[in-house]
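Trainee: I would like to work through this model with you. Can we take it one question at a time?

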Amino acid sequence: MNTCMAHRGWSGRAPENTMAAVRLALTHPGIQAMEIDVQLSKDGVPVLMHDFELGRTVNASGTVKDYTLEELRQFDAGSWFNEAFAGEKIPSLEEVLGEVRGKLLLNIELKTAGDMYPGLEEKVADLIRLYSMEREAYVSSFDHDAVARIHELAPELTKGLIFGGKSTLLREQLAVTGATILSIPYPYLTPGFVHEMIEEGYTVIAWTVDNAEHIRQLIDFHPELQICTNHPDRMLELINKA
């Protein structure tokens, strides 16, 4: 059966990358995986946040790396979504690991570029090891150099490359970085390509799919295709009807 992966937690029903979204995803047994985004605070703590700039989801200006963890914790990360979530905090990665350990698969996306966050890879790998989640966590990134660094630091971890399109040298890039997961925007996928990659031993993740008809089409591509969505309920409803 296709793996249902909640994007940034259950972000269709709670503010993305918050404990509210994480905990909500844990309430549904059909959600088997969760994607989250991780950056570093000014004092070097891995925290959950997608945007480099704070303004969209947090009542503050500037960037994540401008603030210490303690300062980031003072901001409201929930009101933008709905007043019912007023006061929701920016969580640390360690908080999330403690919450999800043993419950589902965690896809940790490193949000970085160039040398923006020295030490991010090592700190994330250390936390995964600390919580003995080597078999429960993926580490992925658009920054393929960051994935290569993770491979050097922690070859035992499962790693994924995120693409914004479909590269002609996918296999070469996966091999160089030690990655076995291909995360690709769903419009670039075809049944033949998905079958090919899965038969070669790769995990394929389609992102980010919210339209029910598109989800239905992807389910038909291959039973092992993992589908990342803001609205896991839409996917699970289709699976239950099948």
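**Cavity, pocket and a lysine**

Mentor: This is a predicted model. The cavity count, at 30 Å³ or more, comes to 1.

Trainee: How much space lies in the largest cavity?

Mentor: Its lining includes E16, N17, W80 and K89. L48, M49 and I90 are also among the lining residues. The space in the largest cavity is about 40 Å³.

Trainee: Which residues lie nearest the centre of the largest pocket?

Mentor: That pocket has a volume of about 170 Å³. Its lining counts 16 residues. Nearest the centre are H7, E35, E109, W207 and T208.

Trainee: Which strands each supply at least two residues of that lining?

Mentor: Look at the lining of the largest pocket, 16 residues in total. The strands that each give at least two of them are strand 2 (33-40), strand 4 (105-110) and strand 8 (203-207).

Trainee: Now K159. Which side chain of opposite charge is nearest to K159?

Mentor: K159 sits in strand 6 (residues 158-162). K159 is buried, yet has no salt bridge. A salt bridge needs a nitrogen-to-oxygen approach within 4 Å. The nearest opposite charge is 6.8 Å away, on E156.

Trainee: Which backbone oxygen does the side chain of K159 reach?

Mentor: The cut-off for a polar contact is 3.5 Å. The K159 side chain comes to 3.3 Å from a backbone oxygen. That oxygen belongs to P155.

Trainee: Is G178 buried, exposed or partly exposed?

Mentor: G178 is in the loop between helix 6 (170-177) and strand 7 (181-185). Buried means under 20% relative accessible area, and exposed means over 50%. G178 has 23%, so it is partly exposed.

Trainee: Which residues is G178 in contact with, leaving aside neighbours within four places in sequence?

Mentor: Start from K159, whose contacts include G178, H151 and T177. From the G178 side, two residues appear: H151 and K159.

Trainee: Is L157 buried or exposed?

Mentor: L157 lies in the loop between helix 5 (144-153) and strand 6. Its relative accessible area is 4%. The cut-off for buried is under 20%. Therefore L157 is buried.

Trainee: Which residues does L157 contact, apart from neighbours within four places in sequence?

Mentor: D143 is 14 residues from L157 along the chain, with their C-alpha atoms 17 Å apart. V139 touches K159 and is also on the list for L157. The full list for L157 is A125, I128, E134 and V139.

Note on methods
Residues are numbered from 1 along each chain as its sequence is written. This is a predicted model: local features need pLDDT of at least 70, side-chain atom pairs count only at pLDDT 80 or more; totals for chains, interfaces and linings use all residues. Side-chain values use heavy atoms; hydrogens and water are left out. Helices (H or I, at least four residues) and strands (E, at least two) are DSSP runs, numbered from the N terminus. Buried means under 20% relative accessible area, exposed over 50%, partly exposed in between (1.4 Å probe, protein chains only). Lys and Arg count as positive and Asp and Glu as negative; His and the chain ends are not counted. A polar contact is a pair of N or O atoms within 3.5 Å; within protein, one must be able to donate a hydrogen and the other to accept it, and residues adjacent in sequence count only if both atoms are side-chain atoms. Contact means heavy atoms within 4.5 Å. On a 1 Å grid over the protein atoms alone, a cavity is a set of points where a 1.4 Å probe fits but cannot get out, and a pocket is an open set with protein on both sides within 12 Å along at least five of seven lines; lining residues have an atom within 4 Å of a point. Grid points are joined across faces, edges and corners, and a volume is the space filled by probe spheres set on the points.
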